[in-house]
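Reader: I have a model open and want to understand how its ligand is held. Where should we start?

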Amino acid sequence: MLANITDTSGATNPQAIGMDLGGSAIKFGVIDASGALIESSFGQVPTPAGAQPQAVAKAMAGVLATLNEQFGSALDGAAVGVTVPGIVTNGVVHSAANIDPQWRGLNAEALLTETLGRPVHVLNDADAAGIAEVYAGAGRGADGLPAPGSTLVLTLGTGIGSAMFRDGVLFPNVEFGHLIMDGQSAELAAAARVIREENLTWEQYTERLQRYLSHVEFLCSPDLIIIGGAISVEHEKFLPGLELRAKIIPAENNNAAGVLGAAHRALLAH
Ligand code: BGC
């Protein structure tokens, strides 16, 4: 169902909107009926300083206004999928490791549905990125369908996001970034941001990732591990150095994965 981002064939037929809340930017875009991201709709606005829920909701209403200008009445009724970097069940956010604590306990779906004036579906950012990879990226088998077996998508960025699939079915809100490693959340030791913060060489970072991924592999034995996040474009610097039973490959949708997965969720849930 979900097609990749280079397909612009349905550009006149917008179906669902995706918005991906990150630390520095809110990325957004519209998918067509085939599930492909309409390239001309893809963009980003700065995340309001502090990323408090009300300010983020306002910024997202601004994004919707921009998209309404671009698509006009064709966008009427299109549902919105929104990612949040935390645990989300039934629209309520339950953790806020790297965002404003006001998100914790908030019914984000209710706030955004009211502010945007149309149905909004909220999901975890890594789950959204995972959906994009498994249905329209590196997680597809030769037939273009989700690869059979267990697939783990990990996003390495400010934190570590994780999404677990069995035969293409998502088990939501897996939080492998918060496994304890050296007495602390693993993401504090192995997320991509530590490379810069601790001035690590690629060799040193690969060693950290090896310990982390070996532990994750011991716990859930995935057949396939997909590494996403901005760091995935530099995969040649660290993936070849890793030794795991699972096949490990870079993500394909890097920049747009969250948007694509969020829009896909909105389309299916609506
Ligand atoms: C959060 C996850 C999120 C990940 C990536 C972690 O700190 O707990 O929910 O997916 O960061 O943003």
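Author: Start with a term: a polar contact is a pair of N or O atoms within 3.5 Å. Keep in mind that this model is predicted.

Reader: How far is a polar side-chain atom of Asp-125 from an oxygen atom of the ligand?

Author: The cut-off for a polar contact is 3.5 Å. Asp-125 meets it with a polar side-chain atom. The distance to the ligand oxygen is 2.5 Å.

Reader: Which residue has a side-chain N or O atom 2.8 Å from an oxygen atom of the ligand?

Author: Asn-124 has a side-chain N or O atom 2.9 Å from a ligand oxygen. That is not the value you asked for. The residue at 2.8 Å is His-178.

Reader: How much of the ligand does the protein bury?

Author: Take the ligand alone. It then exposes 310 Å². Of that area, the protein buries 93%.

Reader: Which elements give two or more residues to the shell around the ligand?

Author: The ligand takes up the space of the largest pocket. Its shell draws at least three residues from each of domain 1 and domain 2. The elements giving two or more are helix 3 (125–136) and strand 9 (160–166).

Definitions and conventions: Residues numbered from 1 in each chain as written. Predicted model: local features only at pLDDT ≥ 70, side-chain atom pairs only at ≥ 80, totals over all residues. Heavy atoms only, no water. Polar contact = N/O pair within 3.5 Å; in protein donor to acceptor, adjacent residues only side chain to side chain. Areas by Shrake-Rupley, 256 points an atom, 1.4 Å probe, with all protein chains shown as cover. 1 Å grid on protein atoms, 1.4 Å probe; cavity = no way out; pocket = protein on both sides within 12 Å on 5 of 7 lines; lining within 4 Å. Sits in = over half its atoms within 2 Å of the grid points. Helix = DSSP H or I, 4+ residues; strand = E, 2+ residues; numbered from the N terminus. Domains from an automatic or database assignment.
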